[in-house]
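User: I'd like to talk through this fold with you, one question at a time. Can you take a look and walk me through it?

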Amino acid sequence: MSSGRSLTVGLALGVGAVLRASAHDIVNPFAVPVNPVLVGGPSVPGSAWGELLEDPNGILAVTAVTQIPADPTCSNPLATQFSVARGFAGANGFVISNAYVEDFDDDGTPAGSPNGCANLVGQIGSTQFGVCTGLDTPLSLALQQGYGYFLPIPTSNAAVFEVAFTASQPTSLDVSYTFATFESPADTFFFDSFGIFLDGTLVAGGVTRNASAGSYGGPIPGTDPWTLTPSPGLPAPEFNRPPMPALYYFPAHTTGLRTLPLPLSAGSHTLVFHVADGDELGAGCLVGGTTLFGADPFIPSVLFFGLSTFDSGLPASPGVCGTASITRLGHPAETVGPHGPTGAGFQDFQVRETGATPGTAAFVLIGGAPASIPVSGACNLFVSPVGPYFLAFPAGIVPANGALDWPPTPPAIPAGTAGANVYVQFWNLLPSGALENTKGMRVNLGPS
């Protein structure tokens with residue numbers, strides 16, 4: 001069997017239900033009015049536990065989910081700030097927006113609301129002087145303190161997603177995210193913000209504009225050092241705001257997929273995701289007697305977050321078998337719209353190993369389920385080595401730069417693989433005869 005054919009078999013696992021009502025538009029699978037996400041369980045699609053954690057050893061357990069929208073009264077499923085991130089180019093997990101999620105559906109089709117909760121320019125709630133909707137005080141204060149600014153950073157139209165969980169023993173959690181925005185990093189007055197907090201401490205976040213464009217901007221010092229770059233696919237960006245007013249023509253920018261390894265003590269923890277609007281020319285909001293500026297309704301942003309890499313979660317196991325890491329390239333979802341008008345699938349999906357030992361013989365393992373099986377002492381195998389969906393492929397010899405892409409030529413993802421989860425890992429045989437491995441990676445395939 002050729003490697004290309006084998007890959008097709010491996011990527012066609014677990015076909016599930018398509019959550020798309022028509023050829024266009026995200027359909028939120030959650031209930032109204034606040035679109036609650038269920039706690040769920042390991043690998044349960046659409047649940048907080050299933051989308052954020054992959055823990056074969058059962059060390060982590062989600063206990064509660066809280067969502068705070070800017071306007072909790074919206075009943076139109078398209079006029080929502082929360083959704084699963086299916087059908088978006090290169091994104092898995094959840095998506096929250098300071099406008100409405102459909103603005104960022106990659107089919108480029110607008111979705112208005114007949115009940116006034118959101119309008120065709122994406123405004124959530126009111127932005128009239130003194131009554132701005134969805135102020136985000138924790139994010140404002142964290143940004144102010146992080147930048148050393150003398151006033152809280154303006155926020156409005158915020159969406160907040162909080163997950164409470166427990167760890168039965170010390171471990172490490174990978175927090176993966178992508179921030180995407182239509183704000184220009186060079187713009188002085190129009191900007192959005194996001195933040196990710198672990199146990200009340202900001203670990204990633206900031207304001208969209210470059211620090212050189214205003215008195216603050218860019219990643220908060222001491223947190224994840226993201227940068228905004230134009231989204232792949234220009235002039236038709238991955239995240240397509242419908243081109244209506246002139247302001248819509250700002251190109252999409254994105255941080256790309258970022259992964260934060262966070263050490264956890266045993267006990268209870270909270271992980272909170274924020275995204276908010278804010279500008280220095282928009283409607284004023286009275287906060288504690290101080291007038292801050294509010295939202296611009298034209299140029300929104302979103303925060304995607306969900307599982308990327310994972311390991312056994314056992315103490316001392318990460319890094320024992322080497323320092324190589326795995327990341328995803330291309331697009332794991334087929335789609336309609338500018339990227340694939342017939343929904344036939346993308347042609348550019350790959351995985352990449354970096355930080356590997358040059359001269360190493362590298363292999364890729366693909367499985368249909370995760371596992372944590374002791375191999376060579378503290379090293380663990382994170383895709384199931386049994387059953388019909390376990391596949392191993394020679395990936396090549398790691399070059400001098402320590403980076404290796406597989407497959408060498410990106411394949412087409414088969415159409416109709418909605419809901420399929422695949423688990424991928426690099427294993428390397430060092431010239432000394434020892435083994436090293438990357439963390440595992442779960443990728444959900446298929447459209448929304």
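Analyst: Sure. One definition to start: two strands pair if DSSP finds at least two bridges between them. Keep in mind that this is a predicted model.

User: In what order do the strands of the open sheet of 6 strands run?

Analyst: The pairing in this sheet is antiparallel. Strand 4 and strand 12 sit next to each other in it, joined by 10 bridges. Strand 12 also pairs with strand 6. Read across the sheet, the order is 1-4-12-6-7-8.

User: Which strands stand at the edges of that sheet, with one side left without a neighbour?

Analyst: An edge strand here has a single partner strand, so one of its sides has no neighbour in the sheet. That description fits two strands, residues 60-68 and residues 218-219. They are strand 1 and strand 8.

User: Over how many bridges do strand 6 and strand 12 pair?

Analyst: Strand 6 covers residues 190-198 and strand 12 covers residues 267-279. Along the pair, Phe191 faces Gly278, and Ser193 faces Ala276. The two strands run in the antiparallel sense, and the count of bridges is 9.

User: Which residue of strand 12 stands opposite Thr166?

Analyst: Strand 4 spans 156-167, and strand 4 runs antiparallel to strand 12. The residue of strand 12 opposite Thr166 is Ser268.

User: How many residues of strand 12 are buried?

Analyst: Buried means under 20% relative accessible area. Strand 12 has 13 residues, and it is largely enclosed by the rest of the structure because most of them pass that test. The number buried is 10.

User: At what angle does helix 3 run to strand 6?

Analyst: Helix 3 is made of residues 137-147. It lies across strand 6, strand 7, strand 8 and strand 12. Its angle to strand 6 is about 95°.

User: Is Gly148 buried or exposed?

Analyst: Gly148 is in the loop between helix 3 and strand 4. Its C-alpha is 9.8 Å from that of Ile220, though the two are 72 residues apart in sequence. The cut-off for exposed is over 50% relative accessible area. Gly148 has 62% relative accessibility, so it counts as exposed.

User: What is the phi of Asn157, and is the residue buried or exposed?

Analyst: Most residues other than glycine have a negative phi. Asn157, found in strand 4, has a positive one, near 55°. Its relative accessible area is 1%, so Asn157 is buried.

User: And what is the phi of Asp199?

Analyst: Asp199 lies in the loop between strand 6 and strand 7. Asp199 is partly exposed, with a relative accessible area of 38%. Although it is not a glycine, its phi is positive, about 50°.

User: Where is the cis peptide bond that has omega of about -5°?

Analyst: Most peptide bonds are trans. The cis bond leads into a proline in the loop between strand 23 and strand 24, Pro407. The bond joins Trp406 and Pro407.

User: Which strands are at the edges of the sheet with the order 17-18-23?

Analyst: This is an open sheet of 3 strands with antiparallel pairing. Each edge strand pairs on one side only, and neighbouring strands are turned by 25° against each other on average, direction ignored. The edge strands are strand 17 and strand 23.

User: Which residue of strand 18 faces Thr327?

Analyst: Strand 17 and strand 18 run antiparallel and are joined by 5 bridges. Strand 18 holds residues 350-354. The residue opposite Thr327 is Arg352.

User: Which strand gives the most to the lining of the largest cavity?

Analyst: The structure holds 8 cavities of 30 Å³ or more, and about 140 Å³ of space lies in the largest. Two elements give two or more residues to its lining, strand 5 (171-181) and strand 16 (309-310). With 4 residues, the one that gives the most is strand 5.

User: Which residues lie nearest the centre of that cavity?

Analyst: The lining takes in 16 residues. They divide into 6 nonpolar, 5 polar and 5 charged. Nearest the centre are Glu54, Leu60, Ser172, Phe310 and Asp311.

Notes:
Residues numbered from 1 in each chain as written. Predicted model: local features only at pLDDT ≥ 70, side-chain atom pairs only at ≥ 80, totals over all residues. Heavy atoms only, no water. 1 Å grid on protein atoms, 1.4 Å probe; cavity = no way out; pocket = protein on both sides within 12 Å on 5 of 7 lines; lining within 4 Å. Points joined across faces, edges and corners; volume = space filled by probe spheres on them. Nonpolar A, V, L, I, M, F, W, Y, C, P; charged D, E, K, R; others polar. Contact = heavy atoms within 4.5 Å. Axes fitted to C-alpha atoms, helices over the stretch in contact; angles between N-to-C directions. Buried < 20%, exposed > 50% of the residue type's maximum accessible area, 1.4 Å probe, protein only.
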